[in-house]
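Me: I would like a close look at one part of this protein, the side-chain pairs that join strands, with the terms explained as they come up.

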Amino acid sequence: MNFIDNLGAALRCLSDSNVAVFGTAKFVRNSAGSALGVTDTARLSLEYAEFSQNTSPGNGGAISMLAGGNLRITRGLLVDGNTCSQSGGGMHLTGGGRITFAPNSVATFSNNKATVDGGAVMMAQGGNIEFEADSVATFRGNKAEANGGAVSLSDGARLVLYKATMALNSADLGGALYMAVQGKTTVLPGGSICMSGNNAKTTGGGVYMKGATGGVLALDSAAVTQVMGGNTPNALVVLEGGRFLCNGGPARGVGNATERIYEINGGSICSCPEPPAATGPLDALGTTTCASCPTGKQWNVDKCSCV
């Protein structure tokens with residue numbers, strides 16, 4: 001099933017409808033609105049879908065999830081080269097809109113652009129994306145002019161990841177990930193997250209968290225590994241109520257471009273064994289010395305390691 005070169009929405013699911021599409025669905029070069037819209041508690045299941053070169057003058061270059069709309073991806077998703085004039089270059093979720101990815105599914109978000117927040121994905125007001133066990137997500141080369149080069153979350157939005165890579169994304173704040181006002185990102189037990197080579201114009205090359213009620217990045221198991229490498233400036237910035245919860249999982253920072261891996265000011269870091277060696281809130285500015293690759297080796301963005 002192909003939706004190509006439509007002026008306006010290519011597909012809309014409304015008012016408690018329940019639709020399943022099997023095989024491959026392609027949404028290409030649709031314009032003047034999100035290529036796909038799911039709203040009013042409608043339910044849509046896609047086996048495999050590709051969204052490329054779609055444009056929207058508002059939010060959500062490719063996909064818009066509103067008012068309890070529910071989308072499930074059973075095998076895979078490609079969201080590439082989409083743009084919007086507001087937030088969510090690839091996807092925009094609000095009002096309880098929800099996307100789930102089945103176990104073993106694969107999703108790639110690449111080269112999407114937003115004029116405001118969320119180069120690939122913008123979530124607010126209870127928007128929810130959940131990757132189930134053994135799923136893989138890649139966010140690469142996305143750009144937001146304001147916040148969250150890959151993903152921006154606020155107002156109770158929630159992102160659940162299993163194995164994820166965020167590489168070469170860029171924004172003003174939060175090169176890869178921006179969280180505020182109870183926005184939360186969780187990496188499931190047994191999963192991992194790599195943030196590599198992301199860039200922020202102001203600060204938070206990897207992650208930026210702030211807000212009176214704060215954003216939260218939670219690694220929910222000792223089996224989880226979080227790696228930050230080659231992000232600039234300041235791989236992780238936690239401000240004004242933001243919280244970074246390792247819950248016993250290892251956190252490593254290698255090859256980031258400034259002397260600060262972590263900057264904590266009015267936020268907190270809990271139970272992170274390395275670096276920084278700290279638990280509980282740090283009210284004053286806290287910094288750590290940036291680790292570097294061994295002599296003769298350089299940081300490799302794709303492998304998320306020194307080679």
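Reply: What follows starts with the whole chain and then turns to the pairs.

This is a predicted model, in which local features need pLDDT of at least 70 and side-chain atom pairs count only at pLDDT 80 or more, while totals for chains, interfaces and linings use all residues. Residues are numbered from 1 along each chain as its sequence is written, and side-chain values use heavy atoms, with hydrogens and water left out.

The protein has zero helices and 34 strands. Here helices (H or I, at least four residues) and strands (E, at least two) are DSSP runs, numbered from the N terminus. Of the 307 residues in the protein, 55% are buried. Buried means under 20% relative accessible area, exposed means over 50%, and partly exposed lies in between (1.4 Å probe, protein chains only). The accessible surface comes to about 11,200 Å², and carbon and sulfur atoms account for 49% of that surface. Such areas come from the Shrake-Rupley method with a 1.4 Å probe; for residues, only the protein chains shown count as cover. A contact means heavy atoms within 4.5 Å. Among contacts between residues at least 6 apart in sequence, 81% join residues at least 24 apart.

Now the aromatic pairs. The structure holds four of them. Rings of Phe, Tyr and Trp (its six-membered ring) pair if their centres lie within 6.5 Å; planes under 30 degrees apart count as stacked, over 60 as edge-to-face and the rest as tilted. In one pair, the ring centres of Phe101 and Phe131 are 4.1 Å apart and the planes are at 5°, so this pair is stacked. Phe101 belongs to strand S11 (residues 98–101) and Phe131 to strand S15 (residues 128–131), so the pair links distant parts of the chain, 30 residues apart. Phe101 and Phe131 are both buried.

Another pair is made by Phe109 and Phe139, whose ring centres are 4.7 Å apart with planes at 5°, so it counts as stacked too. Phe109 is in strand S12 (residues 106–110) and Phe139 is in strand S16 (residues 136–140), so the pair ties together parts 30 residues apart in sequence. Phe109 has a relative accessible area of 1%, so it is buried. Phe139, at 2%, is buried as well.

Strands S11 and S15 are also joined by a charged pair. Arg98 in strand S11 forms a salt bridge with Glu130, and their closest N and O atoms are 3.1 Å apart. A salt bridge is a side-chain nitrogen of Lys or Arg within 4 Å of a carboxyl oxygen of Asp or Glu. Glu130 lies in strand S15, and the two partners are 32 residues apart. Arg98 has a relative accessible area of 27%, so it is partly exposed.

Asn128 is a further residue of strand S15. Its relative accessible area is 12%, so Asn128 is buried. Leaving aside residues up to four places away in sequence, Asn128 touches Leu93, Gly97, Arg98, Ile99, Met123 and Arg158. Arg98, the salt-bridge partner of Glu130, is thus one of the residues that Asn128 touches.

The structure holds four salt bridges. Another of them joins the side chains of Arg75 and Glu47, at 3.5 Å from N to O. Arg75 is in strand S8 (residues 70–80) and Glu47 in strand S5 (residues 43–52), 28 residues apart, and the pair links distant parts of the chain. Arg75 is partly exposed at 44% relative accessibility, and Glu47 is partly exposed at 24%. In a further salt bridge, the side chains of Lys143 and Glu145 meet at 3.9 Å, N to O. Lys143 is partly exposed at 37%, and Glu145 is partly exposed at 41%.

Disulfides add no links here, as the count is zero. A disulfide is a pair of cysteine sulfur atoms within 2.5 Å. Among the cysteines, Cys13 is buried with a relative accessible area of 2%, and Cys84 is buried with 5%.

Last, a residue in another strand. Ser192 is found in strand S22 (residues 184–196). Ser192 has a relative accessible area of 26%, so it is partly exposed. The C-alpha atoms of Ser192 and Thr165 are separated by 8.4 Å, and these residues are 27 apart along the chain.
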